[in-house]
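Please open the model in a viewer and keep the sequence panel visible. The tour proceeds by successive selections, each followed by a description of what is found there.

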Amino acid sequence: MILTLPWPPAGLSPNASNHWAKLAKLKKQYREACAWTAASQGAHPLKADKLHLTLTFVPPNRREYDLDNALARMKAGLDGLADVLRVDDRHWSLTIRKGEGIGGFVRVEVHCNG
């Protein structure tokens, strides 16, 4: 299954200095946005014990993004995806990479491992 999720907001960066209430609101909004987007693209509960996800970050501009920061910004979005797939994210393995060009999205390839 291949999904295209929205680019994570800058406020979710570990380098951002947000008030805890603003951060909580951003996390909730992004989690819900990713869950809704994934479901609208056909994501559904999977009968799998383990998953492997390949995340390809296609930035919204030509600015350089660190992959570790991009992954941290994506945490709430992955939680939203876990809500839809109903596979606990502690049973996931991840591959992360930078995509080519400009787009402002995260491509997620989901592979069942059992």
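Which residues have the most contacts inside the largest nonpolar core? In this predicted model, select Leu51, Leu53, Leu81, Leu85, Trp92 and Val108, which hold that position in a core of 30 residues.

**The core and its contributors**

Next, colour the elements that give two or more residues to this core: β1, α1, β2, α3 (75–85) and β4 (105–112). Helix α3 gives the most, with six residues.

Now centre the view on Leu51 and display its surroundings. Leaving aside neighbours within four places in sequence, Leu51 is in contact with Leu46, Leu85, Val87, His91, Trp92, Ser93, Val110, His111, Cys112 and Asn113. Two of these partners, Leu85 and Trp92, are themselves among the residues with the most contacts inside the core.

**The whole chain**

Zoom out and switch to a cartoon representation. The protein has three helices and four strands, and from the N terminus on these elements follow the order β-α-β-α-α-β-β. Along the principal axes, the C-alpha atoms fill a box of roughly 40 × 35 × 25 Å. A compact globule of 114 residues would have a radius of gyration near 13 Å; the protein has 14 Å, which agrees.

Colouring by accessibility adds a further view: buried residues make up 40% of the 114 residues. The accessible surface comes to about 6,700 Å², and carbon and sulfur atoms account for 52% of that surface. If a contact map is available, consider the contacts between residues at least 6 apart in sequence: 84% of them join residues at least 24 apart.

**The aromatic cluster**

Select Trp7, Phe57 and Tyr65, which ring pairs link into a cluster. A search of the whole structure finds two aromatic pairs. In the pair of Trp7 and Phe57, the ring centres are 6.1 Å apart and the planes stand at 90°, so the arrangement is edge-to-face. This pair links distant parts of the chain: Trp7 lies in the loop between β1 (2–6) and α1 (20–40), whereas Phe57 belongs to strand β2 (residues 51–58), 50 residues apart. Both Trp7 and Phe57 are buried.

Rotate next to the pair of Trp7 and Tyr65. Here the ring centres are 5.1 Å apart and the planes are at 70°, so this pair is edge-to-face. Trp7 is in the loop between β1 and α1 and Tyr65 in the loop between β2 and α2 (67–73), so the pair ties together parts that are 58 residues apart in sequence.

**The surroundings of Tyr65**

Finally, keep Tyr65 selected. Is this residue buried or exposed? Tyr65 has a relative accessible area of 15%; the limit for a buried residue is under 20%, so Tyr65 counts as buried.

Which residues does Tyr65 touch, not counting those up to four places away in sequence? Display Trp7, Pro59, Pro60, Arg73 and Lys98. For Lys98, draw the C-alpha to C-alpha distance from Tyr65: the value is 8.6 Å, for residues 33 apart in sequence. Then add Asn61, whose side chain is joined to that of Tyr65 by a polar contact of 3.5 Å. With Trp7 also displayed, the view holds both the ring pair and the polar contact made by Tyr65.

Technical notes: Residues numbered from 1 in each chain as written. Predicted model: local features only at pLDDT ≥ 70, side-chain atom pairs only at ≥ 80, totals over all residues. Heavy atoms only, no water. Phe/Tyr/Trp six-rings, centres within 6.5 Å; stacked < 30°, edge-to-face > 60°. Buried < 20%, exposed > 50% of the residue type's maximum accessible area, 1.4 Å probe, protein only. Core = buried A, V, L, I, M, F, W, Y, C linked by side-chain atoms within 4.5 Å. Contact = heavy atoms within 4.5 Å. Rg over C-alpha atoms; globule rule 2.2 N^0.38 Å. Areas by Shrake-Rupley, 256 points an atom, 1.4 Å probe, with all protein chains shown as cover. Polar contact = N/O pair within 3.5 Å; in protein donor to acceptor, adjacent residues only side chain to side chain.
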